[in-house]
Amino acid sequence: MSSSSAAAHQHPHQHPWRQGGGSGLVPLAALIKEEARTERRAGGGSRICARGEDSGGSGVGGEPAEEETRWQRPLLRYGCAAQSKKGEDFFLLRTDCPRPSTSASSSAASPHPTFAVFAVLDGHNGNAAAIYARDNLLNHVLSAMPRGLSREEWLHALPRALVAGFVKTDKEFQSKGQTSGTTATFVIIDGWTITVASVGDSRCILDAQGGTVSLLTVDHRLEENVEERERVTASGGEVGRLSVVGGAEIGPLRCWPGGLCLSRSIGDIDVGEFIVPVPYVKQVKLSNAGGRLIIASDGIWDALSSEAAAKSCRGLPAELAAKQVVKEALRTRGLKDDTTCIVVDIIPPGQTIRPPSPPKKMNKLKSLIFRKKAKEPSQKLTKQHSGACAIEEIFEEGSAMLSERLGPHSNGEHTSSSLFTCAICQVDLEPSEGISVHAGSIFSSNSKPWEGPFLCSDCRDKKDAMEGKRPSGLKVL
């Protein structure tokens, strides 16, 4: 067993079924209620699970609804199921993360300032990158958040902090010199607001009340994403299929050197810096009707469409739904890859289970409009309402340019870092050391080299390599 495998197995599988304690004839409902109170007082903990070689499993858990307050939170129920082929899929389940340094006004409106995190990480060329991202990505995101924000300000700053956290995770893992890589689909749920950041081809979908299925991620596969192919070639990479004897080309489009099928990932130092860790980010707000999230690795999506996955588990509680999606994928395609699925039900207060969603018929015109929207990831801070599924789209951005992702919005609100702190790695900078993220951004239409946020020299080198401004493949320390 390699050292990275050993690290993975230091986290024993924690089955989230919770049983009440006590003696005598105590009603089960009383035990569950007491357990919920105990968990709230304890502040919650981390449920981190890893899949070893040829193993499988499932889990179920939940977060109790708040008592009647001015700011009611939904009830979260989740389940996780996995079948392993290579031992490179990992996932993260945390349901009670404290929101750091929330302002007093926000705390008064929300007496329990916590959020939940669910993530799927599908490693390749070994599991070291997936393990590192699982253990460090959340901390790196939180370290990029300004302090003392209200809840609304915190949610507004979250997309930029996610970008900084992904890039920092990639930079630190690459400094270790290991050639592994991983996808990452990282979901943060704060009340009714869902923020998803993703690189690679693990996917998150939303099955809203009424049966409308929405993609909350974009697949970064070179075969299917024309914009990503153009970006990679413009940055110095080559895109083509595998050549065999006789000159025939086989298989999906790959990036050379390295032969990776993805255009974005964490790690992959041997492939080239044009394979970037900058995530696509989407933020939406649900109505109090709630909805269901399905977060899964490509072992699911290579077998099932988004609609088929959602339909296969409707009417089932989250823990059984996750098992059913995995079962359906295996029935359709067999176990050809690691297969991991997390199902999260976001349930209105006062309900214990998510009511089943009948399939919703969509006319052809509306279907075409929806597909067009899904292919346009460059919209910023748009708000769109759908009467059918009651979803408010708050933010969507997929650019790979750090000058566009880390720069301040036009309204002048908080940026992801202070004036003398690197926006990515958070190291302190002397006044003369900081280099603007806009400096030399030949791809940016709003290049303002005198404006922040600022980067340290190492992170500036990382940015230049990602944009093709220096030879790729150089190790960044």
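Two strands count as paired if DSSP finds at least two bridges between them. Keep that in mind for a stop further on.

**Before you start**

You have a predicted model open, in which local features need pLDDT of at least 70 and side-chain atom pairs count only at pLDDT 80 or more, while totals for chains, interfaces and linings use all residues. Residues are numbered from 1 along each chain as its sequence is written, and side-chain values use heavy atoms, with hydrogens and water left out.

**The whole protein**

Colour by secondary structure and you can pick out 12 helices and 19 strands. Helices (H or I, at least four residues) and strands (E, at least two) are DSSP runs numbered from the N terminus. Of the 477 residues, 55% are buried. Buried stands for under 20% relative accessible area, exposed for over 50%, and partly exposed for anything in between (1.4 Å probe, protein chains only). Take the contacts (heavy atoms within 4.5 Å) with a separation of 6 or more: 70% of them link residues 24 or more positions apart.

Now colour by pLDDT, the predictor's confidence in each residue, from 0 to 100. The average is 77, and 68% of the residues score at least 70. Select residues 1-26, where pLDDT is below 50; beyond near neighbours in sequence, this stretch has 37 contacts in the model. Residues 409-417 are also below 50, with 21 contacts beyond near neighbours. Where pLDDT is low, don't read the predicted coordinates in detail.

**A pair of strands**

Select strand 17 (residues 391-397). Seven of its seven residues are buried, so the strand is largely enclosed by the rest of the structure. Add strand 14 (residues 280-286), which pairs with strand 17 in the antiparallel sense over six bridges. To see one partnership, click Lys-285 and then Glu-392, its bridge partner in strand 17.

**Helix 9**

Jump to residues 318-333, where Glu-328 and Arg-331 sit three residues apart, about one turn of the helix. An α-helix has 3.6 residues a turn, so residues three or four places apart point the same way. Glu-328 and Arg-331 form a salt bridge, their closest N and O atoms being 2.5 Å apart. The rule for a salt bridge is a side-chain nitrogen of Lys or Arg within 4 Å of a carboxyl oxygen of Asp or Glu. Is each partner buried or exposed? Glu-328 is buried at 18% relative accessibility, whereas Arg-331 is exposed at 61%.

Other buried residues in helix 9 include Ala-318, Ala-322 and Val-326. Just past the end of helix 9, look for Gly-334, with a positive phi of about 80 degrees.

**More salt bridges**

The count comes to 19 salt bridges. Select Arg-134 and Asp-135, whose side chains meet at 2.8 Å, N to O. Arg-134 is buried at 3% relative accessibility, and Asp-135 is partly exposed at 30%.

Next, show Arg-221 and Asp-298, a salt bridge at 3.4 Å, N to O. Arg-221 lies in the loop between strand 10 (213-215) and helix 6 (226-234), and Asp-298 in helix 7 (residues 298-301), so the pair ties together parts that are 77 residues apart in sequence. Both Arg-221 and Asp-298 are buried.

**An aromatic pair**

The whole structure holds four aromatic pairs. Here, rings of Phe, Tyr and Trp (its six-membered ring) pair if their centres lie within 6.5 Å; planes under 30 degrees apart count as stacked, over 60 as edge-to-face and the rest as tilted. Select Tyr-132 and Phe-173 for a tilted pair, 5.8 Å centre to centre with 45 degrees between the planes. Tyr-132 belongs to helix 4 (residues 128-143) and Phe-173 to helix 5 (residues 151-174), so this pair ties together parts 41 residues apart in sequence. Tyr-132 and Phe-173 are both buried.

**Loops to finish**

Which residues does a cis peptide bond join? Select Trp-256 and Pro-257, where omega is about 5 degrees. Pro-257 is in the loop between strand 12 (249-256) and strand 13 (266-267).

Move on to Asp-268, in the loop between strand 13 and strand 14. Asp-268 has a positive phi of about 55 degrees although it is not a glycine, and it is buried, with a relative accessible area of 2%.

Last, pick Pro-453, in the loop between strand 18 (435-436) and strand 19 (454-455). Pro-453 is buried at 4% relative accessible area. Show Leu-406 too: Pro-453 and Leu-406 are 47 residues apart in sequence and 7.0 Å apart in space, C-alpha to C-alpha.
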